[in-house]
Amino acid sequence: MFVWLRYYRVWKNKFRLHQNPPVSITLALVILSATVVFSAVCDNSGNHDDNKSYHGNGNMEKSLAKVEILTDRSPRAVDRRFLSLALGPKLIQHGTLLSLLRSERFQTLAAGLAPAFLRLGGTAEDFLIFEPTEEDITKLASGPELDICALSKNDSTKWEGLGFEANVTEKKVFKNFTMSEVEWDHLNSFTRCVGYDFIFGLNVLLRNGSLWDPSNAQLLLNYTAARGFKVNWELGNEPNHLQKISNRTVNATTLGLDFRQLRSLLSSSPAFKNSILAGPDTTRPKNKTLRFLQRFLQIAAGVLDAVTWHQYYIDGSTAVLDNFTDPTLLDMLHGQITAINRVVNMTAPGLPVWLGETSSAWGGGAPELSDSFVAGFMWLDKLGLAAQLSLDVVMRQSLFEANYALISKDLDPLPDYWLSLLYKQLVGSRVLKVKVTDGSEVKVSNSSEQQRTTGEMDRKSARIRVYAHCTNPNSPQQYQNGSVTLYVLNLHQDHRAAVRLGGNLAFKKVHKYLLTPHGMEGLTSRHVELNGRKLDMVDDRTLPELGPQKLPSNTTLLMPPLTFGFFVIPDAQAAACM
């Protein structure tokens, strides 16, 4: 039975992915624009045994949509750490954190995604207590400085895996556990050596009556200051959801007062005067959550540096393959961001808004889906939409551990890792406005007003999604200022898309970075190809070079069904990107 199910899943994914329709294109010029052409095609391919169909050509009917990239100015720029990451405190609880952080392979993978925030937080943070091995903090802090990256290069110890199953969600029974200065030193040394900025979530359930008890936090602050560590802070995880986890509640007004008390502690120490304080890390924005956020901000807005909230699309225990490419489901995020922004603009105008924890599916992710190629559609669309709708940081849950991790329990990079690495290398901070007209299949990526003109499609039917930024000026590929990066998703199961640059971009050369699944599993593959080449680490110290396929000018850019990728115009000479 198991074998039959396995081959049924392989056959199903092959049927949906491995199509080989022929392509031929007629195109129109559009001033300062890219023209996206796509159409329905019949499956004339029969059976296929590989992924050659992702890179082939053929005939197809076409439906024209014009994508105008406004390159004269950038409406906004995101934080340079826009794509950020998270780890869970459960790694401390189970005693596996130190060996993970000491792993040279893990350090190499983590450094590839810098610069970024690394958040250590989640449900378990509200059960974590700092317990140093000695009472004399000054004596403890005077010990030798830990250089974890240098240590890993001289350490012959190999990663032997977790002491628990990373992809199995445990019964939701939470008990207090402790963290010593040893784990704290490792966390701070790790973030420093891989180029991350550290954010730590303090335990909000340590309370003295109705108010937060800051004594354990003060102990950690004292040690941190004595060690000279640079740390940013949160207080509590999903406070509007605490009763379901701990059978305790903290109302919004009280939480606001707790944050004011924490800010007072930080301001009293020269070491933390410039530390970021972010919160409240509420759950997805239903009406009750929005009211909680509003009441909290009325008290705490003046002490915050960023407003944080959490978002997942679906329940990991019930998710199915089609959820991950469902445009209506993906578009839920637009309404959620709009609702959060509306509350923040009313009560705390000007405060940056962060997605403080996010992934595809709650409950640890969906087995065999959240860690596979298909999860990239949710992840890349989320990055594009968040940047367009004025979010400054998006923290991916998680870098390691559970079904939605970027790195497997065996320390192998999963498809969303490679997608994130490409994003980091190619996509810059400055967001460009993209206007879509004369089509019914392409998503509008506008500024926050999301204005549409005649001929633009309904967002909910969008299966071709286009976003644009200035290219990362510090990319390893060494693109010059003025370059533009597009990232495109084709959510069609049986439609190909073709992108043609128009106007004065028509004769510019393009660098193509097309991501496709590797192997017979299709969309559920845990391996990915870049322009037809499987991506793997060179060795524990070396990531592969992510080189483009260089296309001649005036070339149609093909997007096969159910794929996504990046297109860089090195000589765009965009004024907004100079």
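**Pocket, helix and cavity: a briefing**

The lining of the second largest pocket divides into 14 nonpolar, 9 polar and 5 charged residues. This is a predicted model. The protein has 578 residues, and 61% of them are buried. Helix α15 contributes to the pocket lining, and 12 of the 12 residues in α15 are buried.

**Overall build**
- The protein contains 15 helices and 28 strands.
- Among contacts with a separation of 6 or more, 82% join residues 24 or more positions apart.
- The accessible surface of the protein is about 22900 Å². Carbon and sulfur atoms account for 48% of that surface.

**The second largest pocket**
- The space in this pocket is about 580 Å³.
- Its lining is made of 28 residues. Nearest the centre of the pocket lie K424, Q425, N472, N474 and P476.
- Three elements each give two or more residues to the pocket lining: α15, β18 (427-437) and β20 (464-471).

**Helix α15**
- Helix α15 covers residues 415-426, which makes 12 residues.
- At 1.5 Å a residue, α15 should span 16 Å. The C-alpha atoms at its ends are 17 Å apart, so the model agrees with the expected span.
- α15 is mostly covered. Its buried residues include the aromatic-named positions Y417, W418 and Y423.
- Also buried in α15 are L419, L421, L422 and L426. P415, D416 and S420 are buried too.
- K424 and Q425 are on the list of buried residues of α15, and both are among the residues nearest the centre of the second largest pocket.

**Cavities**
- The structure holds 3 cavities of 30 Å³ or more.
- The largest cavity has about 100 Å³ of space. It is lined by 13 residues.
- Closest to the centre of the largest cavity are L128, L202, N203, L206 and N216.
- β6 (128-130), β8 (196-202) and α8 (215-227) each give two or more residues to the lining of the largest cavity.
- By class, the lining of the largest cavity has 8 nonpolar, 3 polar and 2 charged residues.

**How the spaces are found**
- Empty space shows up when a probe the size of a water molecule is rolled over the atoms.

Technical notes
Residues are numbered from 1 along each chain as its sequence is written. This is a predicted model: local features need pLDDT of at least 70, side-chain atom pairs count only at pLDDT 80 or more; totals for chains, interfaces and linings use all residues. Side-chain values use heavy atoms; hydrogens and water are left out. Helices (H or I, at least four residues) and strands (E, at least two) are DSSP runs, numbered from the N terminus. The expected span of a helix is 1.5 Å times one less than its number of residues. Buried means under 20% relative accessible area, exposed over 50%, partly exposed in between (1.4 Å probe, protein chains only). On a 1 Å grid over the protein atoms alone, a cavity is a set of points where a 1.4 Å probe fits but cannot get out, and a pocket is an open set with protein on both sides within 12 Å along at least five of seven lines; lining residues have an atom within 4 Å of a point. Grid points are joined across faces, edges and corners, and a volume is the space filled by probe spheres set on the points. Ala, Val, Leu, Ile, Met, Phe, Trp, Tyr, Cys and Pro count as nonpolar, Asp, Glu, Lys and Arg as charged, and the others, Gly among them, as polar. Contact means heavy atoms within 4.5 Å. Accessible areas come from the Shrake-Rupley method with a 1.4 Å probe; for residues, only the protein chains shown count as cover.
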